[in-house]
Amino acid sequence: MIECLPAGICSWDYVLRGDGHEARIVFNWMSEQGRLWLDGREYRIEKDGPFSGSWRMESDEATLFTARKTSAFTRTFEIAGAGVQATLHAASPFGRTMVVETGGRQCVIAPAHPFTRRATMSGTCGDFRLAAFAFWLTGLVWRRAANSGSS
């Protein structure tokens with residue numbers, strides 16, 4: 001199990017710990033981009049454009065994963081890269097729980113309870129980098145929902 005803890009009480013940034021790995025997830029304040037530090041290695045999350053539904057997880061050497069939102073009306077992403085095809089989708093239309101499915105494996109990203117940003121990842125994604133990228137996308141979905149709810 002991977003524990004996902006907010007970096008601060010009002011922060012959308014996270015620290016992920018578990019399965020012998022650690023990650024720090026950072027969202028840019030004014031955009032839907034950010035950074036990941038996975039076991040000390042830095043990756044950039046870049047969006048293809050302000051109205052695009054595509055993101056890339058990149059290192060200085062190459063693009064590791066890409067994610068494409070399948071529809072503006074659903075919380076579903078198709079993730080590809082590092083020899084993996086995965087789908088990240090909402091477990092139900094109303095809750096915040098998200099599910100990563102890849103190669104017959106399933107990983108569930110679930111809030112600790114309805115009034116917190118703390119979460120856990122249970123199951124297996126196979127690759128911690130994929131799990132961290134999927135959690136970054138989940139955090140983006142949660143942040144969008146919180147921002148649209150406060151308008």
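This section describes the pockets, the nonpolar core and two buried loop residues of a predicted model.

The largest pocket encloses about 240 Å³ of space. Its lining is made up of Ser11, Trp12, Asp13, Phe27, Trp29, Met30, Glu32, Leu140, Arg143, Arg144 and Asn147, and by class these residues comprise 5 nonpolar, 2 polar and 4 charged. Helix 1, which spans residues 128-149, supplies the largest share of this lining, with 4 residues.

The second largest pocket holds about 200 Å³ of space, and its lining consists of Lys69, Ala72, Arg75, Pro93, Phe94, Gly95, Arg96, Val141, Trp142, Arg144, Ala145 and Ser148. Here the classes are 6 nonpolar, 2 polar and 4 charged residues. Helix 1 again gives the most to the lining, in this case 5 residues. Arg144 appears in the linings of both the largest and the second largest pocket.

One residue of the largest pocket's lining, Ser11, belongs to the loop between strand 1 (2-6) and strand 2 (14-18). Ser11 has a relative accessible area of 18% and is therefore classed as buried, the cut-off for that class being under 20%. A polar atom of the Ser11 side chain lies 2.9 Å from the backbone nitrogen of Asp13, and Asp13 is likewise among the residues lining the largest pocket. When residues up to four places away in sequence are set aside, Ser11 touches Pro6 and Arg117.

The largest nonpolar core contains 42 residues, and those with the most contacts inside it are Leu16, Ile79 and Phe135. Helix 1 contributes the largest share of this core, amounting to 12 residues. In soluble globular proteins, nonpolar side chains tend to be buried together. For Leu16, the contacts beyond its neighbours within four places in sequence include Phe135, itself one of the residues with the most contacts inside the core. The other contacts of Leu16 counted in this way are Ile2, Glu3, Cys4, His21, Glu22, Ala23, Ile25, Met121, Phe128 and Ala132, a set in which the charged residues Glu3 and Glu22 are found together with nonpolar ones such as Ile2 and Met121.

A second buried loop residue, Asp127, is located between strand 12 (119-123) and helix 1. The relative accessible area of Asp127 is 17%, so this charged residue counts as buried. With residues up to four places away in sequence left out, Asp127 touches Phe65 and Ala82.

Methods
Residues are numbered from 1 along each chain as its sequence is written. This is a predicted model: local features need pLDDT of at least 70, side-chain atom pairs count only at pLDDT 80 or more; totals for chains, interfaces and linings use all residues. Side-chain values use heavy atoms; hydrogens and water are left out. On a 1 Å grid over the protein atoms alone, a cavity is a set of points where a 1.4 Å probe fits but cannot get out, and a pocket is an open set with protein on both sides within 12 Å along at least five of seven lines; lining residues have an atom within 4 Å of a point. Grid points are joined across faces, edges and corners, and a volume is the space filled by probe spheres set on the points. Helices (H or I, at least four residues) and strands (E, at least two) are DSSP runs, numbered from the N terminus. Buried means under 20% relative accessible area, exposed over 50%, partly exposed in between (1.4 Å probe, protein chains only). Contact means heavy atoms within 4.5 Å. A nonpolar core is a set of buried Ala, Val, Leu, Ile, Met, Phe, Trp, Tyr and Cys residues joined through side-chain atoms within 4.5 Å. A polar contact is a pair of N or O atoms within 3.5 Å; within protein, one must be able to donate a hydrogen and the other to accept it, and residues adjacent in sequence count only if both atoms are side-chain atoms.
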